[in-house]
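Let's take a walk through this structure together, one region at a time. Please keep the sequence and the 3D view side by side as you read.

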Amino acid sequence: MSRAVEESNRRMLRARDAMDRSYSQPLDIPSLARIAHVSEAHFIRTFRATFGETPHRYLQRRRVERAMFLLRETERSVTDICFAVGFTSLGTFSRTFRDIVGEPPSTYRRRPGIVAAPTCFAMAWMRPSSFGEAPGQQG
């Protein structure tokens, strides 16, 4: 790996780490591009090449991951969880959640719990991989 590619990867990791830390806050491409010290267009292209998805898709998946945890582990309302993870619209949250997970948040909440398994296996099994890969979405 060349030094330039290594530096580019490091910059993209900095931006992704910022997204992981502040997923519930409003995040925009200009501020993320500034963190990575690149232009907005270059940031989007390079982020996708590095991580296999756009920054917007990554952020939505990260928010849905957190919502999945809150739905399983708390009694908070779906609306409260929607706003807590950074969505500004319940409709967008529900549609995005269904696209990623394959079922609406209220149905997901009623699912039986995970059987006893090492945490790494449970997390790998529960983690949504990307849009369009939810059960029942293949065709």
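A good place to begin is E103, which sits in the loop between α6 and α7 (105-110). Keep in mind as you look that this is a predicted model. E103 has a relative accessibility of 15%, and because buried means under 20%, this glutamate counts as buried. Its neighbours come from both sides in sequence: leaving out residues up to four places away, E103 touches F97, R98, Y108 and R111. With R111 there is also a polar contact, in which the two side chains are joined at 2.7 Å.

Now look at another glutamate in a loop. E53 lies between α3 and α4. Its relative accessibility is 5%, so E53 is counted as buried too. The side chain of E53 makes a polar contact of 2.6 Å with the side chain of R61. In each of these two loops, then, you can find a buried glutamate: E103 and E53. Each has an arginine as its polar partner, R111 for E103 and R61 for E53.

Let's step back to the whole chain. It contains eight helices and zero strands, so if you trace it from the N terminus the order reads α-α-α-α-α-α-α-α. Of the 139 residues, 32% are buried. The accessible surface of the chain amounts to about 8,400 Å², and carbon and sulfur atoms account for 53% of that. If you take the contacts between residues at least 6 apart in sequence, 58% of them link residues at least 24 apart.

What lies inside? In soluble globular proteins, nonpolar side chains tend to be buried together. Here the largest nonpolar core has 25 residues, and F43, V64, I81, V85, F93, F97 and V101 are the ones with the most contacts inside it. At least two core residues are supplied by each of α1 (3-21), α2 (29-36), α3 (40-51), α4 (55-73), α5 (78-84) and α6 (90-101). The largest share, seven residues, is from α4.

For a closer view of this core, centre on V64. Not counting residues up to four places away in sequence, V64 touches F87, T96, F97, I100 and V101. Two of these partners, F97 and V101, are themselves listed among the residues with the most contacts in the core. You have met F97 before, as one of the residues that E103 touches.

Next, turn to how two of the helices meet. The axes of α1 and α3 come within 10 Å and cross at roughly 95 degrees. That angle makes α1 roughly perpendicular to α3, because values from 65 to 115 degrees count as such. At the crossing, S8, N9, M12, L13, A15, R16 and M19 in α1 meet F43, T46, F47, T50 and F51 in α3. F43 will be familiar from the core.

Our last stop is the stretch around α2. P30 is found in this helix, and with a relative accessible area of 27% it is partly exposed. P30 and E40 are ten residues apart in sequence, while their C-alpha atoms are 5.8 Å apart in space. In the loop between α2 and α3 you will find H37. This residue is not a glycine, yet its phi is positive, near 60 degrees. Is H37 buried or exposed? Its relative accessibility is 56%, so H37 counts as exposed, whereas E103 and E53, in their own loops, count as buried.

Conventions. Residues numbered from 1 in each chain as written. Predicted model: local features only at pLDDT ≥ 70, side-chain atom pairs only at ≥ 80, totals over all residues. Heavy atoms only, no water. Core = buried A, V, L, I, M, F, W, Y, C linked by side-chain atoms within 4.5 Å. Buried < 20%, exposed > 50% of the residue type's maximum accessible area, 1.4 Å probe, protein only. Helix = DSSP H or I, 4+ residues; strand = E, 2+ residues; numbered from the N terminus. Contact = heavy atoms within 4.5 Å. Areas by Shrake-Rupley, 256 points an atom, 1.4 Å probe, with all protein chains shown as cover. Polar contact = N/O pair within 3.5 Å; in protein donor to acceptor, adjacent residues only side chain to side chain. Axes fitted to C-alpha atoms, helices over the stretch in contact; angles between N-to-C directions. Parallel < 35°, antiparallel > 145°, perpendicular 65-115°, else oblique.
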